[in-house]
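Grab a coffee and work through a few exercises on one protein model. Each comes with a task and a worked solution, so try the task before reading on.

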Amino acid sequence: MGFIIANKKSFFVIGILVLYSLTLFHCSKPLSQSTDQRPLTLSGSTMGTYYRVTIASPPSSSEVKQLKTEIEKLLVEINAQMSTYISDSELSLFNDYTMTDWFPVSFETAMVVAEGIKIHKLTEGAFDITVGPLVNLWGFGPPGGKEEIPSAEKINESLKKVGSHHLKSRLSPPALKKDSADLYVDLSGIAKGFGVDSIANLLETQGIMNYIVDIGGEMKTRGRKKDNSPWRIAIESPIVDKKEIHKVIDLNDRAIATSGDYRNYFEKDGKRYSHEINPRTGYPIQHRLASVTVLDSSCMRADALATALIVLGPEEGYQLAERESKAALFIIKGEDGFFEKETTKFKREYYDKE
């Protein structure tokens, strides 16, 4: 799903429910532990959604405020780098830049864009961080407000502006480059996962090794609960306007991300149009794959792959996940409800705890 300070219409949270009490924090020096046996949860708003961090062995109460301040400072910085909803963010300034020479950005922005380009190649264009013109055209981007079907002419015109092959990223010195002046980069399918990874790294630099970081349903875990039991995550059933648990898994030292078509959409003449736009056709997805959950060591990568696989659909997406040895769970619409299809790696590493 996407990231980046979204308006209420374009924001959605899907797929993952947490089966435990939550808490969050961080600071600039190693933290001492309190004697409280309960986990600590710090939470707040970011990227158009919530953030929440749960720590199994919380620090002393005097350090919690400082830790939360540092986490929120980090999240503000990521938004200032990568949000398309902030007019003077690095990414917005690059999108407004009409020249085709190198445009300096932070290392973080260059790295996330580089990963987006890599996954674009891996998925043969199913994941594309330049899909913004199509997302906006269908009313799911920063302009928002529209619930109408664009003409084929407008879709074809927008398709001409889409393609990560028009984009380059370098890490030293960090910069972006485009060969088309009107190229528009949108990191909403990858940057929320990057935010999760960034907070996790921040926690670990302070010696915190038992936690869950959660931004809008994209999560990363490390270690175990204080009683040494594993973190347990519930994957949501993709039922429209209803929340039910489909599957519960143990998740240790892994990230998890879900994409689906059942939370952010509009209906026209009895047909549902999802926010998940296929960048290769210009139209919302229309296949039977309702949601896909990906597990990976990197939440940024899981976030992007989940988006790509939902676009590819139940057959092509599953084949890619198997070929690349990805742990993924596909929930597919059948004649009599939903059924699931797990990749070999998912079956091998994770199991149902219901």
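Before starting, one definition: helices here are DSSP runs of H or I with at least four residues, numbered from the N terminus. Also keep in mind that this is a predicted model.

**Exercise 1. Get the overview**

Task: find how many helices and strands the protein has, and what share of its residues is buried.

Solution:
- Step 1. Going through the secondary structure gives eight helices and 16 strands.
- Step 2. Of the 354 residues in the protein, 57% are buried.
- Step 3. For the surface, the accessible area is about 14,800 Å², and carbon and sulfur atoms hold 49% of that.
- Step 4. Now the contacts: take those between residues at least 6 apart in sequence, and 68% of them join residues at least 24 apart.

**Exercise 2. Place R323**

Task: say which helix holds R323, and decide whether R323 is buried or exposed.

Solution:
- Step 1. R323 sits in helix α7, which spans residues 299-323.
- Step 2. The relative accessible area of R323 is 55%. The cut-off for exposed is over 50%, so R323 is exposed.
- Step 3. Check a distance while you're there: R323 and T343 are 20 residues apart in sequence, with 9.7 Å between their C-alpha atoms.

**Exercise 3. α6 against α7**

Task: work out how α6 runs relative to α7, and list the residues that make the contact.

Solution:
- Step 1. Two packed helices are described by the angle between their axes and the distance between the axes.
- Step 2. The axes of α6 and α7 cross at roughly 160 degrees and come within 7 Å.
- Step 3. Angles over 145 degrees count as roughly antiparallel, so α6 is roughly antiparallel to α7.
- Step 4. The crossing of α6 with α7 is right-handed.
- Step 5. On the α6 side you'll find A191, K192, G193, F194, V196 and D197, and α7 brings C299, M300 and D303.
- Step 6. Sorted by class, that contact of α6 with α7 has five nonpolar, one polar and three charged residues.

**Exercise 4. α1 against α6, with a look at S198**

Task: describe how α1 packs on α6, then say whether S198 is buried or exposed.

Solution:
- Step 1. Helix α1 covers residues 61-82 and helix α6 residues 191-205; they pack at about 145 degrees, with axes 10 Å apart.
- Step 2. The handedness of the α1 and α6 crossing is right-handed.
- Step 3. From α1 come E70, I71, L74, L75, I78 and M82, meeting A191, F194, G195, S198, I199, L202 and L203 of α6.
- Step 4. The class count for α1 with α6 is ten nonpolar, two polar and one charged residues.
- Step 5. Zoom in on S198, which belongs to α6. Its relative accessibility is 14%, and buried means under 20%, so S198 counts as buried.
- Step 6. Setting aside neighbours within four places in sequence, S198 touches L74 and I78.
- Step 7. S198 and I71 are 127 residues apart in sequence, yet their C-alpha atoms are 9.2 Å apart.

**Exercise 5. Two buried residues**

Task: find where V53 and N95 lie, and which residues N95 contacts.

Solution:
- Step 1. V53 is in strand β3, residues 49-55, and is buried with a relative accessible area of 0%.
- Step 2. V53 and V196 are 143 residues apart in sequence and 9.5 Å apart, C-alpha to C-alpha.
- Step 3. N95 is part of helix α2, residues 90-96, and counts as buried at 11% relative accessibility.
- Step 4. Beyond neighbours within four places in sequence, N95 contacts T84, K178, A181, L183, Y184 and V185.

Notes. Residues are numbered from 1 along each chain as its sequence is written. This is a predicted model: local features need pLDDT of at least 70, side-chain atom pairs count only at pLDDT 80 or more; totals for chains, interfaces and linings use all residues. Side-chain values use heavy atoms; hydrogens and water are left out. Axes are lines fitted to C-alpha atoms, for helices over the stretch in contact, and angles run from 0 to 180 degrees between N-to-C directions. Helices (H or I, at least four residues) and strands (E, at least two) are DSSP runs, numbered from the N terminus. A crossing is left-handed if the near helix is turned anticlockwise from the far one by less than a right angle, and right-handed if clockwise. Contact means heavy atoms within 4.5 Å. Ala, Val, Leu, Ile, Met, Phe, Trp, Tyr, Cys and Pro count as nonpolar, Asp, Glu, Lys and Arg as charged, and the others, Gly among them, as polar. Angles under 35 degrees count as roughly parallel, over 145 as roughly antiparallel, 65 to 115 as roughly perpendicular and the rest as oblique. Buried means under 20% relative accessible area, exposed over 50%, partly exposed in between (1.4 Å probe, protein chains only). Accessible areas come from the Shrake-Rupley method with a 1.4 Å probe; for residues, only the protein chains shown count as cover.
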